Amino acid sequence: MTLDHLRRNFLQKLVASAAAVPLLSPYRTFAQADRASTGSHPGTTLRVALMGLGSYAARVAEAMQSCKRAKVTGLISGTPSKLQEWGTKYGVPEKSRYNYDNFDRIKDDADIDAVYIITPNAQHRDQAIRVAKAGKHVICEKPMAVNAKEGQEMLDACAEAGVKLLVGYRLHFEPKTLEVIRMRNAGDFGNILFFQGLSGFRIGDPSQWRLDKALAGGGSLMDIGIYAINGARYMVGEDPVWVTAQQTKTDPVKFKEGVDETIQFQLGFPSGAVASCLSTYQMNHLDRFFMTGERGFAELRPATGYGPIQGRTHKGELTQPHAMHQTIQMDEMAGILLDGNTPVVPVDGEEGLKDLKIIDAIYAASETGGRRQLRLSK
Ligand code: NAD
């Protein structure tokens with residue numbers, strides 16, 4: 001056996017044993033527990049204020065109606081009519097409805113444990129820091145911020161305030177995704193050699209915030225390519241050590257300076273596995289993860305949509321039942337924030353920061369065409 005083989009075996013076993021720890025722990029995670037038999041007990045329910053009442057927040061609010069351990073108890077919006085409408089719909093009293101000017105007052109709101117930030121990307125940093133200063137846990141949508149520097153500032157603010165920071169990585173709780181991870185850890189695929197992530201859609205309205213660098217922080221990579229970045233990490237089970245990237249733009253009017261249309265990127269992992277990914281705002285029907293190892297493969301397609309996620313491996317179809325991603329996510333996040341549970345795949349601020357470091361490196365690499373080394377852990 002060569003030195004390289006020994007090193008790869010060691011790394012695979014290390015990743016497998018680390019990921020196996022939660023399975024050996026004395027408690028079951030909430031998703032593993034009998035969901036049907038669990039009620040909403042006082043003091044064990046995560047009380048959440050939603051910030052930014054747009055399209056994704058609407059999906060989260062609806063999904064949370066089926067949660068066993070999480071409840072919408074606060075609302076933050078710049079639009080008074082939305083506060084009124086959502087407040088009535090979800091039973092949030094006027095005293096727990098805030099706007100962007102006065103939401104620091106949640107500090108004194110005993111009915112709010114955490115704020116879920118679902119606003120345009122470039123606003124996440126400042127809003128998260130204000131929530132942390134108000135002494136509430138932060139749940140922040142992806143991308144956690146628009147670059148690693150801002151992400152680090154969010155981590156620092158939450159640490160200083162003694163609150164937790166989580167990122168809305170809903171796929172980290174998705175049953176078929178977790179099954180692939182379980183199989184990988186069990187060695188079913190052998191040493192992982194290759195991952196492919198295709199993430200994209202054809203974006204419409206050119207005036208939306210997603211195409212405005214000042215609000216989005218970038219283009220497709222920030223919004224949809226981040227799924228391939230994050231997916232490469234949780235599917236391979238390692239953090240990449242280098243990146244290369246190439247950018248193409250066919251419509252410079254719609255995709256202005258600093259707003260990427262299409263980026264291809266490649267990641268290299270410590271074991272020697274490589275990933276080849278595509279992020280785009282110009283092509284439809286791109287939502288596929290494929291991973292192959294020495295002994296087998298896994299394919300998820302769709303891999304990241306709202307579901308049902310579908311997939312198969314060399315052993316056959318994945319048959320885990322579909323549940324609303326945001327319902328499972330918020331129940332699991334209640335377990336993390338209230339009970340200190342450890343998810344199989346992390347959803348904390350460090351996890352969000354790693355993706356931001358990769359995004360920074362992809363943008364930098366796409367400028368020069370050269371390879372960028374990555375150091376994701378401190
Ligand atoms: P959206 O445009 O539908 O909603 C954004 C909300 O922010 C709106 O209520 C809007 O009024 C408010 N807002 C405050 N200031 C604004 C400003 N200056 N410009 C525009 N809107 C402003 O967007 P969305 O799709 O709900 O996305 C919000 C966040 O959620 C983004 O970070 C996005 O990446 C994330 N997201 C995550 C998922 C997921 O599956 N995890 C899916 C969609 C969106």
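In this predicted model, the ligand is surrounded by 23 residues, of which S55, N121, K142, R170 and W209 come nearest. By class, this shell is made up of 9 nonpolar, 8 polar and 6 charged residues. Two helices, α2 (55-64) and α8 (220-236), each supply at least two residues of the shell.

The ligand sits in the largest pocket. Residues of the shell come from both domain 1 (20-170) and domain 2 (189-314 + 348-373), so the ligand lies between the two domains.

Three side chains place an N or O atom at the following distances from an oxygen atom of the ligand.

| Side chain | Distance to a ligand oxygen atom |
|---|---|
| K82 | 3.3 Å |
| H124 | 3.3 Å |
| R170 | 2.8 Å |

Taken alone, the ligand exposes 840 Å², and the protein buries 79% of that area.

The backbone has some features to note as well. Most residues other than glycine have a negative phi, and most peptide bonds are trans. K142, one of the residues that come nearest to the ligand, is joined to P143 by a cis peptide bond with omega of about -15°. P143 belongs to the loop between β5 (137-140) and α5 (148-161). Another cis peptide bond runs from G307 to P308, with omega near 0°. The loop that holds P308 lies between β12 (297-300) and β13 (311-313).

Which sign does phi have at H285? The value is positive, about 65°, although H285 is not a glycine. H285 is found in the loop between β10 (274-280) and β11 (286-293).

Technical notes. Residues numbered from 1 in each chain as written. Predicted model: local features only at pLDDT ≥ 70, side-chain atom pairs only at ≥ 80, totals over all residues. Heavy atoms only, no water. Near = heavy atom within 4 Å. Polar contact = N/O pair within 3.5 Å; in protein donor to acceptor, adjacent residues only side chain to side chain. Areas by Shrake-Rupley, 256 points an atom, 1.4 Å probe, with all protein chains shown as cover. 1 Å grid on protein atoms, 1.4 Å probe; cavity = no way out; pocket = protein on both sides within 12 Å on 5 of 7 lines; lining within 4 Å. Sits in = over half its atoms within 2 Å of the grid points. Helix = DSSP H or I, 4+ residues; strand = E, 2+ residues; numbered from the N terminus. Nonpolar A, V, L, I, M, F, W, Y, C, P; charged D, E, K, R; others polar. Domains from an automatic or database assignment.
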